[in-house]
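This report covers selected features of one protein model, beginning with a single side-chain to backbone contact and moving on to cores, long-range pairs and a pocket.

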Amino acid sequence: MPRGRLSEKHVQRVALDQLDSYYRSRVDVQNVVAEKEVVVRAGIKAGSGRADGLIASRLLNGTIYTAALEAKSSRTLLNISPWQDDERWVLHALTAGGLAIVPAMLVGWYVGSWLLTLVFSIVAFFGTGFSYLLLTQKHSRYRLIDVIQQVKRYPANEQWIALSADAYNLLVPHQETLRRHCRKEGIGLLQVNSKERVKYLETPRPRVPKGRIDFLEYYARSDVIRRKLRTKSEEDQNRIDSTGPLS
């Protein structure tokens, strides 16, 4: 790996440790379990995929609060580049429309009317460009920034994206575009550097699950994580009972 580039594993580990501490520090949290590579259960409508990290917090009222993490490095720069939905689709739509003008002009020339040639060209340009956009949107070629789409598929009360510092620096001058999309979608954004320091760029907007179910239920290892949370609660209670709350 070239010097200065951070691996995705480094970003994942540092970001998950940071979020572990972040949620432990909340006053309404009893205990926390942070897990790597947690898969969403198959066949559910609430989401899909495998989160790079999942933080499950047991709150003092007994409910479970979850946060999902997606980590990215410069090796996956295309997945985090805002230009995918800000500029490229415009260029390609204009190109498709421009190419459609040629046959339209030939039809107009064959008919022998410059007015019809102009009308055919305008209709072909805008009609083809618009149709191209509809088709590519249908097949998800041009869409919201890939990493945002990805993390939104992970069911959680809060969703986070962690980027290596070198990847974030390569996004100039599109850093603000990425941050704006994160704010719009309510997703937190972290920057991880080589010295394992983390900078909070955006904070997530909490989500509430529908009905009485909690988001942890949607993950394949939910039973294991719940068991770890219960074990930690029991250990904490045993420690309090044996040493006293002020020890």
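In this predicted model, a polar atom of the Asn157 side chain lies 2.9 Å from the backbone nitrogen of Thr66. Asn157 sits in the loop between α6 and β4. Is Asn157 buried or exposed? With a relative accessibility of 6%, Asn157 counts as buried, because the cut-off for that class is under 20%.

**Nonpolar cores**

The largest nonpolar core has 31 residues. Within this core, the residues with the most contacts are Ile148, Ile161, Leu163, Leu178 and Tyr219. Two or more residues of the core come from each of the strands β1 (29–39), β2 (50–59), β3 (64–72) and β4 (158–164), and likewise from each of the helices α6 (146–152), α7 (165–170), α8 and α9 (222–243). A second core, separate from this one, has 19 residues, among them Val14, Leu19, Val32 and Leu69. As background, nonpolar side chains in soluble globular proteins tend to be buried together.

**Helix α8**

Helix α8 spans residues 175–185, and its buried residues are Thr177, Leu178, His181 and Cys182. How are these buried residues placed around the axis of α8? Viewed down that axis, they fall within an arc of 135°, so they line one face of the helix. The general geometry is that an α-helix has 3.6 residues a turn, so residues three or four places apart point the same way. Leu178 appears again among the residues with the most contacts inside the largest core. Just after α8 comes Gly186, which takes a positive phi of about 75°.

**Positive phi outside glycine**

Two residues other than glycine also have positive phi. Glu37, in strand β1, has a phi of about 50°. Glu37 has a relative accessibility of 23% and therefore counts as partly exposed. Glu196 belongs to the loop between β5 (188–192) and β6 (198–202), and its phi is near 65°. At 43% relative accessibility, Glu196 is also classed as partly exposed.

**Strand β1 and its partners**

Strand β1 holds both Asn31 and Ala34. Asn31 is buried, with a relative accessible area of 3%. Ala34 counts as partly exposed at 26% relative accessibility.

Which side chain makes a polar contact with that of Asn31? The partner is Ser233, and the contact is 2.7 Å. Ser233 is part of helix α9 and counts as buried, with a relative accessibility of 15%. Ser233 also forms a pair with Gln30, the two C-alpha atoms being 7.5 Å apart.

Leu16 lies in helix α1 (residues 8–24). At 5% relative accessibility, Leu16 counts as buried. Its listed C-alpha partner is Glu35.

The table gives C-alpha separations for these residues.

| Pair | Separation along the chain | C-alpha distance |
|---|---|---|
| Asn31 and Lys228 | 197 residues | 9.8 Å |
| Ala34 and Ile225 | 191 residues | 8.7 Å |
| Ser233 and Gln30 | 203 residues | 7.5 Å |
| Leu16 and Glu35 | 19 residues | 8.1 Å |

**Largest pocket**

What is the volume of the largest pocket? The volume is about 180 Å³. Its lining is made up of Ala46, Gly47, Lys152, Arg153, Pro155, Arg207, Val208, Pro209, Lys210, Phe215 and Tyr218. By class, the lining residues divide into 6 nonpolar, 4 charged and 1 polar. The charged ones are Lys152, Arg153, Arg207 and Lys210, and the polar one is Gly47.

**Recap**

Asn157 is a buried loop residue whose side chain lies 2.9 Å from the backbone nitrogen of Thr66. Asn31 in strand β1 has a side-chain contact with Ser233, which is found in helix α9. Both β1 and α9 are among the elements that give two or more residues to the largest nonpolar core.

Note on methods: Residues are numbered from 1 along each chain as its sequence is written. This is a predicted model: local features need pLDDT of at least 70, side-chain atom pairs count only at pLDDT 80 or more; totals for chains, interfaces and linings use all residues. Side-chain values use heavy atoms; hydrogens and water are left out. On a 1 Å grid over the protein atoms alone, a cavity is a set of points where a 1.4 Å probe fits but cannot get out, and a pocket is an open set with protein on both sides within 12 Å along at least five of seven lines; lining residues have an atom within 4 Å of a point. Grid points are joined across faces, edges and corners, and a volume is the space filled by probe spheres set on the points. Buried means under 20% relative accessible area, exposed over 50%, partly exposed in between (1.4 Å probe, protein chains only). Helices (H or I, at least four residues) and strands (E, at least two) are DSSP runs, numbered from the N terminus. The arc is that of the directions from the helix axis to the C-beta atoms. A nonpolar core is a set of buried Ala, Val, Leu, Ile, Met, Phe, Trp, Tyr and Cys residues joined through side-chain atoms within 4.5 Å. A polar contact is a pair of N or O atoms within 3.5 Å; within protein, one must be able to donate a hydrogen and the other to accept it, and residues adjacent in sequence count only if both atoms are side-chain atoms.
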